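Me: I am new to this structure and would like to learn how to read it one feature at a time. Could we start with a single residue and then work outward?

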4 protein chains.
Amino acid sequence: MIDATAELIAGGGADDATIMEITATAGLATGTFYNHFKDRAEIIAETAINIMEQISASINSAGLAEEDIVVRLAAGTRRFLDITYDHPTWAWAVLRAIDYLPSLRPRVYQYIGSTVRIGHEIGEFSDEDDFTLHIISSMLFAAARSRLSGQSGPETGARVAEMQLRVLGVDPARAHEAANRPVADVELAWNATPAVKGARLQEEDGRK
Amino acid sequence: MIDATAELIAGGGADDATIMEITATAGLATGTFYNHFKDRAEIIAETAINIMEQISASINSAGLAEEDIVVRLAAGTRRFLDITYDHPTWAWAVLRAIDYLPSLRPRVYQYIGSTVRIGHEIGEFSDEDDFTLHIISSMLFAAARSRLSGQSGPETGARVAEMQLRVLGVDPARAHEAANRPVADVELAWNATPAVKGARLQEEDGRK
Amino acid sequence: MIDATAELIAGGGADDATIMEITATAGLATGTFYNHFKDRAEIIAETAINIMEQISASINSAGLAEEDIVVRLAAGTRRFLDITYDHPTWAWAVLRAIDYLPSLRPRVYQYIGSTVRIGHEIGEFSDEDDFTLHIISSMLFAAARSRLSGQSGPETGARVAEMQLRVLGVDPARAHEAANRPVADVELAWNATPAVKGARLQEEDGRK
Amino acid sequence: MIDATAELIAGGGADDATIMEITATAGLATGTFYNHFKDRAEIIAETAINIMEQISASINSAGLAEEDIVVRLAAGTRRFLDITYDHPTWAWAVLRAIDYLPSLRPRVYQYIGSTVRIGHEIGEFSDEDDFTLHIISSMLFAAARSRLSGQSGPETGARVAEMQLRVLGVDPARAHEAANRPVADVELAWNATPAVKGARLQEEDGRK
DNA sequence: AATGAATGAGAGTTCATTCAT
DNA sequence: CATGAATGAACTCTCATTCAT
């Protein structure tokens, strides 16, 4: 059902991910939904978070640990955009789930946060507060949206990575170099089984 | 009805801006809606665009013409955030309308574009392409969201302005100085009468 | 407005002949309708009757007076079908108006009655009661419907005329000959001005 | 719900067979309708066809097989009119459903077709093409309407049967004799369970 | 766990009709 | 006579949710 939900959200926004549609797409009866999820918000949140989890794991599994933190951030950003482009369904599902459930934003943005935090500790990045993280993440998702909708091309990853580094106070020349260094491809190993269960949501969303 | 719509969207997202609610809030009968708008998407789009039009007009009316373009961009950003904070209803209405109608994004982002374009012509900004504009605008709206939801404080305007300038290739020191220069307050003169009529929407939104 | 109504009914049935559609098609404001008609049933009835009036007048104006009554009936039927085919809009309008307003049936069927009555007085037709008239007329309209929807061809007029004559007890051979005698074309002179005003309807229709 | 629909259509035309009325009459909630039918047109079509199916079965079950085909047609027509008169609700439902959904006409008319076709094969009837069938059926339904609305009496069946035979080229004397021969009563065994499911409709009806 | 008919609130939409201008 | 915004009842349709099987 998570897969069905992702497909539906990707196709036409979270409004289309009706409980009836989800179950129908998953080949189940309507009532079965309630044996697994509390309501629509829950499955939508879970879907988005699962996807992000897998993307994040894929990126991190690609052995970036040893690298310079500046290069690491850029590589993460670029891989994120590559994966996003290779799996538009999941990427759109996340983007649209965020639009639908505002409270998902911090949950989804956090995956990008750790690298920045490390970079700041090392002294490479000028900031690491929540606001900076929020802006950096917004840039990443804005870039993904642009790429997915065909408004920007394969250079998107390098460009936004460079911009992020500039925002983080990295010297422009170094930012440019780091953002354009070749990056190895990453494969996204999709794991159909939900990794996260019972995603908690803020009350204020007010959706049904 | 535009005002009613703005209030409702601000309150709980575009999903709450039901035609029945809109007309009830405006003190009209349900059917009256259709004497003025085709459907919900139309009034939501019109509402968002009207608000942006007024904010934009207010910012530009504040005599920024004579200034250095770098200062001008920073001042525009900061004034946008000030207005946004002073009129949370309208600001939220725009933010949530965008979440609801993806096709609104380019329409709403364009208001920020002109300054960047001028700056690039003068040679102060490194880029002015659509992608850069998209990122710069995303940062602005992400900052507004952060400020409105109380996650960041009065310094938000200056901080995001500085970040934008860095992204645009302005020297960090100059960026810092320009972003922190005092800015005169602007008053938003709200004009109840819609300035834009029959806002056109992309087909693909697929909302009702 | 009568013309507009005819068009709309012909296009999609009387349900589509909304007061708003009628006035819009006629280039008038909605409210203007009520300066001319009491309600929808009235204009629909008037439309159908006007059309029948004109068709009937055209047929009769074609100098059938002198002929043999058997030939006259056949010629009337064939001319009716010719006119019907040449002016599908008006023909469909009548057919669909009947479907919509059952009480219109006797009003519309009466136009065919006079010839049969005369024929019976002369002694050529076996019956002339209301039931026979009803059946004869039904056959005519069924044939018109068949011809208009393309289910039967140019021979329709002669065939149904022959059938009608048989029903009326005319000798089969004579019926065949009379029904297949050449008929002069008739031109339908359309008269935009309504010939009938304030068509009265049975109460039982129960439409709005 | 089929029964409720028949009642409502019979009472005031298909326009009165509102989904709300149908479900209310059937003692169900409005939404339940959509668990069984796609829309109004579907249930109306299904209702009409079910009724015709049962009438047709009743007529044919009455052991007409052995008879002379001329007598058989006449008996079928007369039994149809008898049943029609004994069950005005179902008869009106069919008549009015046809008025509402034009595309139903061929579906409903076909039930009368088989006898005519057989008669033609044997050489008793002059024609058996679609047009003839259409006219013969129209006569039957026109007679039913006349009888149901009280404009003609118990002789209706015999009279229209005789007319049909004349149209089919049967010798007038023989037609008269066959049409007036005594006919055994038939009982209509109503079968509440729909015999037909998912009645397909032409697109062009344009009703909702 | 799975099912799927039943529910009923609520949304969108249409339209006849009124009425002040 | 013409206008057209306003009205509000009526209707179609969707969906989250329940529940007996």
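Reply: Let us begin with A:L188, which counts as buried because its relative accessible area is 8%, and the cut-off for buried is under 20%. Please keep in mind throughout that this is a predicted model.

Me: Where is the place of A:L188 in chain A?

Reply: To place a residue, one looks for the helix or strand beside it, and A:L188 belongs to the segment that comes after α9 (172-180) of chain A. Separation along the chain and separation in space are two readings to be kept apart: A:L188 and A:P106 are 82 residues apart in sequence, and their C-alpha atoms are 23 Å apart in space.

Me: How should I read the surroundings of a DNA strand, and which residues are the closest to DNA strand F?

Reply: A useful order is to take the surrounding residues, then their classes, and then single contacts. DNA strand F is surrounded by 29 residues, and the closest are A:T18, B:N35, B:H36, C:H36 and D:R40. Of the atoms of this strand that come within 4 Å of the protein, sugar and phosphate make up 63%. Sorted by class, the surface near DNA strand F consists of 10 nonpolar, 14 polar and 5 charged residues, and α2 (19-25) of chain A and α2 (19-25) of chain D each supply at least two residues of that surface.

Me: Which atoms lie beside a phosphate oxygen of DNA strand F?

Reply: Here one asks whether the protein atom belongs to a side chain or to the backbone. B:T32 has a polar side-chain atom 3.1 Å from a phosphate oxygen of DNA strand F, and D:R40 likewise has a polar side-chain atom 3.4 Å from a phosphate oxygen of that strand. With C:A29, by contrast, it is a polar backbone atom that lies 3.0 Å from a phosphate oxygen of DNA strand F.

Me: How many residues surround DNA strand E, and which are the closest?

Reply: The same order of reading serves again. Around DNA strand E there are 30 residues, the closest being A:H36, B:I19, B:R40, D:N35 and D:H36. Sugar or phosphate accounts for 63% of the atoms of DNA strand E within 4 Å of the protein, and bases supply the rest. The surface near this strand has 10 nonpolar, 15 polar and 5 charged residues, with at least two residues supplied by each of α2 (19-25) of chain B and α2 (19-25) of chain C. As for single contacts, a polar backbone atom of C:I19 is 2.9 Å from a phosphate oxygen of DNA strand E, a backbone N or O atom of D:A29 is also 2.9 Å from a phosphate oxygen of the strand, and a polar side-chain atom of D:T32 lies 3.1 Å from one.

Me: Turning to aromatic rings, why is the pair of C:F33 and C:Y34 edge-to-face?

Reply: For a ring pair one reads the distance between the centres and then the angle between the planes. Over all chains the count comes to 16 aromatic pairs. In the pair of C:F33 and C:Y34 the centres are 5.2 Å apart and the planes stand at 75°, so the pair is edge-to-face, because planes over 60 degrees apart are given that name. C:F33 also pairs with C:F37, and this pair is tilted, with 5.6 Å from centre to centre and 35° between the planes. In chain A, ring pairs link A:F33, A:Y34 and A:F37 into a cluster.

Me: Are these rings of chain C buried or exposed?

Reply: C:F33 is buried, with a relative accessible area of 0%, and C:F37 is buried as well, at 7%, whereas C:Y34 counts as exposed at 51%.

Me: Which charged groups lie over a ring?

Reply: In such a case one looks for a charge above the face of the ring. The charged end of A:R96 sits over the ring of A:W92, 4.3 Å from the ring centre, while A:R147 lies over the face of A:Y85, 3.7 Å from the centre of that ring.

Me: What turn lays chain A on chain B?

Reply: One reads the turn together with the shift along the axis. A turn of 180° with a shift of 0.0 Å lays chain A on chain B with an RMSD of 0.1 Å, which is the relation of a two-fold axis. The C-alpha of chain A nearest that axis is that of A:D99, 2.3 Å from it.

Note on methods. Residues numbered from 1 in each chain as written. Chains lettered and ligands numbered in written order. Predicted model: local features only at pLDDT ≥ 70, side-chain atom pairs only at ≥ 80, totals over all residues. Heavy atoms only, no water. Near = heavy atom within 4 Å. Polar contact = N/O pair within 3.5 Å; in protein donor to acceptor, adjacent residues only side chain to side chain. Helix = DSSP H or I, 4+ residues; strand = E, 2+ residues; numbered from the N terminus. Nonpolar A, V, L, I, M, F, W, Y, C, P; charged D, E, K, R; others polar. Phe/Tyr/Trp six-rings, centres within 6.5 Å; stacked < 30°, edge-to-face > 60°. Buried < 20%, exposed > 50% of the residue type's maximum accessible area, 1.4 Å probe, protein only. Lys NZ or Arg CZ within 6 Å of the ring centre and 35° of its normal. Least-squares fit on C-alpha atoms with pLDDT ≥ 70 in both.
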